[in-house]
Amino acid sequence: IPSKALLQSSEKFVEAGHELAAHGVKVAKVELDLATMLARKDKVVKDLTNGVAFLFKKNGVEQGTGSARLAGPGQVEVQADKSRRTLRADTIVVATGSEASGLPGVTIDEKKIVSSTGALSLPQVPKHLLVVGAGYIGLELGSVWRRLGAEVTVVEFLDHVVPATDRESGGLLHRSREKQGFAFRLGTKVAKAKTNKSAVQLAIEPAAGGGKLETMEADVVLVSVGRRPY
């Protein structure tokens, strides 16, 4: 949801700056107010979350907030502050979500080396955003920051983008992102990353092996190599 909100906002930014003139709508100067754009994203998330809570209440769904553990067959113990209670049910669904997968030698600090969570709230548009992983999440967030002015380079271990989709669809997406201004380094893996005050240096090499290390530098690195369940 937050990425879709930013996609919509960044699309309107590009439309105002480059596309409205063809319709006879002249805009003297288009300026980016990133703080307002991010605040709108947060509001969209909050409104939809509140909407789910309303639907719970409307349909008689009880919502409990706390830390839960399976206490035995058909039992869930919920700890909230100083209170504790046990819920009982014939069927229990465990749906605790997921977290971003990491890479050996690359430490995510959510400042200069970010996951998809950190990439949703960058305080400023990076000059160069390097995306590790050409899945749909990396390409989606790369599109947002490319539209807002960042140079975007994508490093992918495989020789094609969005591996989970068919090759024809992936090829169309690959070409459309190149047209948008993306640079791709396919068949390439990241060996390690080093962060200094101003940038991140990545050591990359051919995924097939046998090549020498090459150094790339970026203001922000987005690690987007998949997700794993909690």
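This report walks through the sheets, the nonpolar core, the salt bridges and a surface patch of a predicted model.

## The five-stranded parallel sheet

Let's start with the open sheet of five strands. Reading across it, the order is β5-β12-β6-β7-β8, and the pairing is parallel. The edges are held by β5 (113-114) and β8, each with a single partner strand, so one side of each has no neighbour in the sheet.

Further in, β6 and β7 run parallel and are joined by five bridges. If you want one pair to click on, take Leu130, whose bridge partner in β7 is Thr153. Moving along, β7 also runs parallel to β8, this time with three bridges between them. There, Val154 stands opposite Phe184 in β8.

## A closer look at β6

Is β6 enclosed or open to the outside? Five of its five residues are buried, so β6 is largely enclosed by the rest of the structure. The cut-off behind that word is a relative accessible area under 20%.

The side chains of β6 go two ways. His128, Leu130 and Val132 point to one side, while Leu129 and Val131 point to the other, and all of them are buried.

## The nonpolar core

The largest nonpolar core counts 27 residues, and those touching the most other members are Leu129, Leu139, Trp145, Val152, Val154 and Leu222. The elements giving two or more residues to this core are α1 (2-19), α2, β6 (128-132), α3 (136-147), β7 (151-155) and β12 (220-223). Which element gives the most? That's α3, with five residues.

Some of these names have come up already. Leu129 is one of the core residues touching the most other members, and Leu129 is also one of the two β6 residues that point the opposite way from His128, Leu130 and Val132. Val154 is on that core list too, and Val154 is the residue opposite Phe184 in β8.

## The three-stranded antiparallel sheet

There's also an open sheet of three strands, ordered β9-β10-β11, and here the pairing is antiparallel. Its edge strands are β9 (188-195) and β11 (214-218), each pairing on one side only. On average, neighbouring strands in this sheet are turned by 30 degrees against each other, ignoring direction.

How many bridges hold β9 and β10 (residues 200-206) in their antiparallel pairing? Seven. For a spot to look at, Lys192 has Ala203 in β10 as its bridge partner.

## Salt bridges

As a reminder, side chains of opposite charge can pair when their charged atoms come close. This structure holds 11 salt bridges. One of them involves strands β9 and β10: Lys189 and Glu205 have their closest N and O atoms 3.7 Å apart. Lys189 sits in β9 and Glu205 in β10, so the pair ties together parts that are 16 residues apart in sequence. Both partners are partly exposed, Lys189 at 30% relative accessibility and Glu205 with a relative accessible area of 21%. A separate group is a network in which Arg69, Glu77 and Arg84 are joined by salt bridges that share partners.

Another salt bridge pairs Glu214 with Arg185, with the closest N and O atoms 2.9 Å apart. It links distant parts of the chain, since Glu214 is in β11 and Arg185 is in β8 (residues 183-185), 29 residues apart. Glu214 is partly exposed, at a relative accessible area of 35%, and Arg185 counts as partly exposed at 28%. So where does this pair fall among the sheets? β11 is an edge strand of the three-stranded sheet, and β8 stands at an edge of the five-stranded one.

Elsewhere, the side chains of Glu31 and Lys29 meet in a salt bridge at 3.7 Å, N to O. Both ends count as exposed, Glu31 at 60% relative accessibility and Lys29 at 66%.

## A nonpolar patch on the surface

Finally, have a look at the outside. Val52, Phe56 and Val61 make a nonpolar surface patch of about 220 Å². Where is Val61 placed? In the loop between α2 (34-58) and β1 (67-72). Is Val61 buried or partly exposed? Partly exposed, with a relative accessible area of 41%.

Methods. Residues numbered from 1 in each chain as written. Predicted model: local features only at pLDDT ≥ 70, side-chain atom pairs only at ≥ 80, totals over all residues. Heavy atoms only, no water. Patch = residues over 30% accessible without salt bridge, like charges linked within 9 Å, V, L, I, M, F, W, Y side chains within 5 Å. Areas by Shrake-Rupley, 256 points an atom, 1.4 Å probe, with all protein chains shown as cover. Salt bridge = Lys/Arg side-chain N within 4 Å of Asp/Glu carboxyl O. Helix = DSSP H or I, 4+ residues; strand = E, 2+ residues; numbered from the N terminus. Buried < 20%, exposed > 50% of the residue type's maximum accessible area, 1.4 Å probe, protein only. Pairing = 2+ DSSP bridges. Axes fitted to C-alpha atoms, helices over the stretch in contact; angles between N-to-C directions. Core = buried A, V, L, I, M, F, W, Y, C linked by side-chain atoms within 4.5 Å.
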